[in-house]
Amino acid sequence: MPELPEVETIRSKLAGLAGRSLERVEIRDPRLTRPEPPDAVAAALEGERVADVRRRGKYLVVVFESGRHLLVHLRMTGTILHPAPAGAEDDVHTRAIVRLDNGSDVVYRDVRRFGTWELLEPGELEEYFAARRLGLEPLGRAFTTARLAASLAGRRIPVKGALLDQRAAAGVGNIYADEALWYARVHPLRPAGELGEPEVEALRAGIRKALRLGIRRQGASLRDYRGADGGRGRMQEEFRVYGRGGEPCERCGTPIAKTRVAGRGTWYCPVCQRRA
Ligand SMILES: [Zn+2]
């Protein structure tokens, strides 16, 4: 599932679309836009000119000159490809194709079909994110130890669960949560509200380190994720714990353990990351 670094990698490749107009929009899968009818969304998008392509958490935010925003959430297996790869027109997993005014196509591909496109009218963006209690951008200046501590305070759920629910930091998912907790030497099942200030400080640093590494390696390509140019990311070569059950911890040599937190497979070092 694409997390902040994967979405950021796609965003940076799509930033060059600024100034392009959407000439023809074909949305093939009604699940992408529901409850809005796909033809209505496609018709509304035609003629819009891209001002910028941004990211908020795991959302891609296409900003139009009209003030509207198209919010794209890739969920499990969505990806955006530009230019269109050969055969995309006939690919059964192609859910939408956008023809630009320079004749090139942007292709939205999604095997599992959980991804969403939402077209927001001018002025609706902040309210949209506020309603979802989306937390701070973890690579932004506002993401301080004090702010992270405040968002964890009083919460009894496991700290990993608190990271996954996006309220403490937007964009961290299963992979980067495990990596961040390993860097921070914090056990994933520790109650979020019980972390001391040094641990919160280490967690903040661990989150940023894992995410920055992910961006530098252009994301992790496990199954379906590809960059916008179809290239694979290399973050999977940098994993310290994620998916590495039984392999030695690179800090202490102890075999990496696996458990479940918030229903998700979770890897950690039982020596570096003590539960109590
Ligand atoms: Zn260790």
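Four donors count as tetrahedral if all angles lie between 85 and 135 degrees. Keep that rule at hand as you work through these exercises on a predicted model.

**Exercise 1: the zinc site**

Find the protein donors of the zinc ion and work out which arrangement they form.

Solution.
- Step 1. Look for the donor atoms: the SG atoms of Cys 249, Cys 252, Cys 269 and Cys 272 lie 2.3 to 2.4 Å from the zinc ion.
- Step 2. Check the angles. The 4 donor atoms subtend angles of 99 to 113° around the zinc ion, so the arrangement is tetrahedral. For comparison, the ideal angle for four tetrahedral donors is 109.5 degrees.
- Step 3. Read along the chain: the spacing of the donors is C-x2-C-x16-C-x2-C.
- Step 4. Place two of the donors. Cys 249 sits in the loop between H7 and E9, while Cys 272 belongs to the segment after strand E10 (264-268), so this pair ties together parts 23 residues apart in sequence.
- Step 5. Judge their accessibility, remembering that buried means under 20% relative accessible area. Cys 249 is at 3% and is therefore buried; Cys 272, at 11%, is buried too.

**Exercise 2: a bridge between two loops**

Describe the salt bridge of Glu 89 and Arg 28, and say which parts of the chain it ties together.

Solution.
- Step 1. Start with the distance: the side chains of Glu 89 and Arg 28 meet at 3.0 Å, N to O. A salt bridge needs a distance within 4 Å.
- Step 2. Locate both ends. Glu 89 is in the loop between strand E5 (78-81) and strand E6 (94-100), and Arg 28 is in the loop between strand E1 (22-27) and helix H2 (38-45), so parts 61 residues apart in sequence are tied together.
- Step 3. Classify the partners: Glu 89 has a relative accessible area of 47% and is partly exposed, as is Arg 28 with 30%.

**Exercise 3: buried or partly exposed?**

Decide whether Arg 68 and Glu 48 are buried or exposed, once you have found their salt bridge.

Solution.
- Step 1. The closest N and O atoms of Arg 68 and Glu 48 are 2.8 Å apart, in a salt bridge.
- Step 2. Arg 68 lies in the loop between strand E3 (59-64) and strand E4 (69-73), and Glu 48 in the loop between H2 and strand E2 (50-56), 20 residues apart.
- Step 3. With a relative accessible area of 19%, Arg 68 is buried. Glu 48 is buried as well, with 9%.

Note on methods: Residues numbered from 1 in each chain as written. Predicted model: local features only at pLDDT ≥ 70, side-chain atom pairs only at ≥ 80, totals over all residues. Heavy atoms only, no water. Helix = DSSP H or I, 4+ residues; strand = E, 2+ residues; numbered from the N terminus. Buried < 20%, exposed > 50% of the residue type's maximum accessible area, 1.4 Å probe, protein only. Donors = N, O, S within 2.8 Å, 3.2 Å for Na, K, Ca; no water. Tetrahedral: all angles 85-135°; square planar, octahedral: opposite > 155°, others 65-115°.
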